[in-house]
Amino acid sequence: MDLHLKNLFDRFQEQFGSGPGLGPGSGTCLMKVEGISSNFIKPLFKASAALYRTEPWRRLRPGHLFGVRVGKDSDWSGKKQPFPCSQFIGGDGGDIGFYMFRSENDAKKMTGPRETIRVPNVELLRVTYELETLMFPSNRKMIKSLSLEASGNYRFPVIDVARCTSSGELQFRNPTLEELKFVYAFLRAISLVHPLLQEDKEGGSNWTRLTCFDPFIETVDIQWPPEIARGHELVAVTISHPPGQAYEEKTSSTASSTPTKYAEPPDEATFMDVRVNSNSSSRHCAMCEKEVNGEQSLCCGRCRAVVYCTSLCQKQHWKESHKSMCGLYKAMMEREEELVMKIFTFPCSADQPCKWLESLGIHQKGMWRRKCSCYSHCPFGLLPVKGGLWDSWGGLDEEEYPGDVPFRNQLRDGISSPILLSGWSEYYNLRSLPLSTPVADILSHPLTVYYILTALSINSKNLLLKGKEVILHYLGPEGEMDWMPAFAEIGHLLNGLGNIQIVMVGPEVPTSLSGTTSGISSRVRVNLVRGVYQEEATYLPSPHVIVALNCALDRYSNWGGALDLIKSTGVPAFFTEQSEILCANAKQVLRGAGLHITHPVTPNPFRSPVKNHNSSTNLPSYSNGFVLGVNT
């Protein structure tokens, strides 16, 4: 009887809703929208399913409001954004979906502590995910005839526009084609950016359960379906939290946001000669490239990022180029504190790599030999190897490096599946590693690859969860060819499900190693291929994902052909850069190659915690510091 009542209640809740929401679907059908074609309905349902898979309801509640801006105001009727504010409902029960409002004020009026308030004469667009068995016959017929993609287990989106009358009744209508275009752009963009929200652990009040997030802004390029492109294939979509955040001009921002305007740089009369910390290593003047010791160098008095040998070089550099970049550099320097990983207790600054390694007792040992220039005479991949794992990790104590053993007690619903990681703290805890061990500096490469495959590339994640193989093309390998013992950790993280074939392609692969295959674990094998990617790709197995770590896209002429190939194949590709300024340059290179950035620049949770500096700036630099993607 108890089970019967539970099933009855669950069905009642599905059909009539409980908690935030306005109840079941109204019976509207997209096939009745004027001017719509089935070729647009299909990508709309596909985008809805993609959002559903990201499970925004796990963290987001109706009180979390988002600003939405699609293209320019002039692109829309009335010269304004149709629904510039949105919220997710269903995280606390009731209807599962999201609402879009005509204004932030409307959203606040309708958002109660436990329910959606019916406010007279307020119109909103609803997207609710309903079970197919509870949908109106017209929608079920549309789903079947068009073979539309389901969201989760037999759920499909129902889209309508609701208005509450002065008497409290709800009136519904079909959305217009223009409103559906706006919804499509929002679906595509929010799927990419909502996982990037960072929890503000110090924000919020003790009396509320609502999780607080850091202010957030991100703009992504979304590709319209061919049926509605009308000559404009891409549209820029800006998502912000809180809503007003996206439209205010700012002079600084969080590490995960994009500043919209920088303050004007000072005039020459405000120059200050600021001495660089005397403990810093040798630098190069940004103007004349002369080497200068830390205690003798100067830096810009405003941004404190750029290093000079004399005031004369500083003033000359200001006139020639720094004037236009000073505001950008200042914003980057202000975010330096946010990028520091404070959980680790070993020294995390390596301006002088040899001294840093010596302080840890691992200089010129094992895999650490690639962390300074002392073994630069030895070709990549050919470092002499003495013995086992202990030697590879430079003689660290056994409890200070990950052993070649599986993770214990990592079952989900009693079944083995890949371990999904959120960052270093979780990984160190799973491996019972002390936070005093520096192994994260080398593990950043394999764990960044694993993070891309299981968190950023949805297709690869699904393949692994189904126990299938993922083929990854790894472009431009260098020192990581000597880190195969670290890459073996990927096999343990797979936790008994799925396989990964990594094909490392680049001109630094030694001739003696080209064509070889290394089975570094039972579930991960690495193939090495010497050559330029665009020339070798024809002979390689087709990839599911392409990765290039610390790629410095703006520095190598060979990237041009590789990017052309990535564009023509449409394979998802992810790149990491060591600093924000390199990311800005990478974005220019990618856009110049006709590629559209579909995964925005974000800090990599598996970046190396060890900070380096560019020789001519004080800008912080971390191996695999930031990640961005195309074709995702």
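Guide: Welcome! Before we start, a helix here is a DSSP run of H or I with at least four residues, and helices are numbered from the N terminus. The model you are looking at is predicted.

Visitor: What is special about the phi of Ser147, just after H4?

Guide: Ser147 has a positive phi, about 50 degrees. Helix H4 covers residues 137-146, and Ser147 follows just after that run.

Visitor: Which residues of helix H4 are buried, and what makes them so?

Guide: Asn139, Met142, Ile143 and Leu146 are the ones. The cut-off is under 20% relative accessible area, so a residue called buried falls below that value.

Visitor: How do you know which side of H4 they are on?

Guide: Their directions from the axis cover an arc of only 95 degrees, so these buried residues sit on the same side of H4. An α-helix has 3.6 residues a turn, so residues three or four places apart point the same way. Pro137, Lys141, Lys144 and Ser145, on the other side of H4, are exposed.

Visitor: What do the buried residues of H4 pack against?

Guide: Their partners are helix H2 (38-53) and strand S5 (155-164).

Visitor: What makes a set of residues a nonpolar core?

Guide: The members must be buried, of nonpolar type such as Leu, Trp or Tyr, and joined through side-chain atoms within 4.5 Å. The largest such core has 61 residues, and Trp393, Trp424, Tyr427, Phe487, Ile502 and Met504 touch the most other members. Helix H12 (residues 440-456) gives this core its largest share, 10 residues. A second core, separate from it, has 54 residues, including Leu51, Ala189, Phe213 and Val220.

Visitor: Which residues does Tyr427 touch?

Guide: Leaving aside residues up to four places away in sequence, Tyr427 touches Pro402, Phe407, Leu421, Leu433, Leu443, Leu447 and Glu489. Contact requires heavy atoms within 4.5 Å, so each of these partners meets that limit.

Visitor: How many of the residues in the protein chain are buried?

Guide: Buried residues are 51% of the 632 in the chain. The chain's secondary structure comes to 18 helices and 25 strands. Among contacts with a separation of 6 or more, 69% join residues 24 or more positions apart.

Visitor: What is the pLDDT over residues 246-273?

Guide: Residues 246-273 stay under 50 on a scale from 0 to 100. The model still has 65 contacts beyond four places in sequence for this stretch. Residues 276-280 are also below 50, with 11 contacts beyond near neighbours in sequence. For the whole protein chain the mean is 83, and 86% of residues reach 70 or more.

Note on methods. Residues numbered from 1 in each chain as written. Predicted model: local features only at pLDDT ≥ 70, side-chain atom pairs only at ≥ 80, totals over all residues. Heavy atoms only, no water. Helix = DSSP H or I, 4+ residues; strand = E, 2+ residues; numbered from the N terminus. Buried < 20%, exposed > 50% of the residue type's maximum accessible area, 1.4 Å probe, protein only. Arc of directions from axis to C-beta. pLDDT = per-residue confidence, 0-100.
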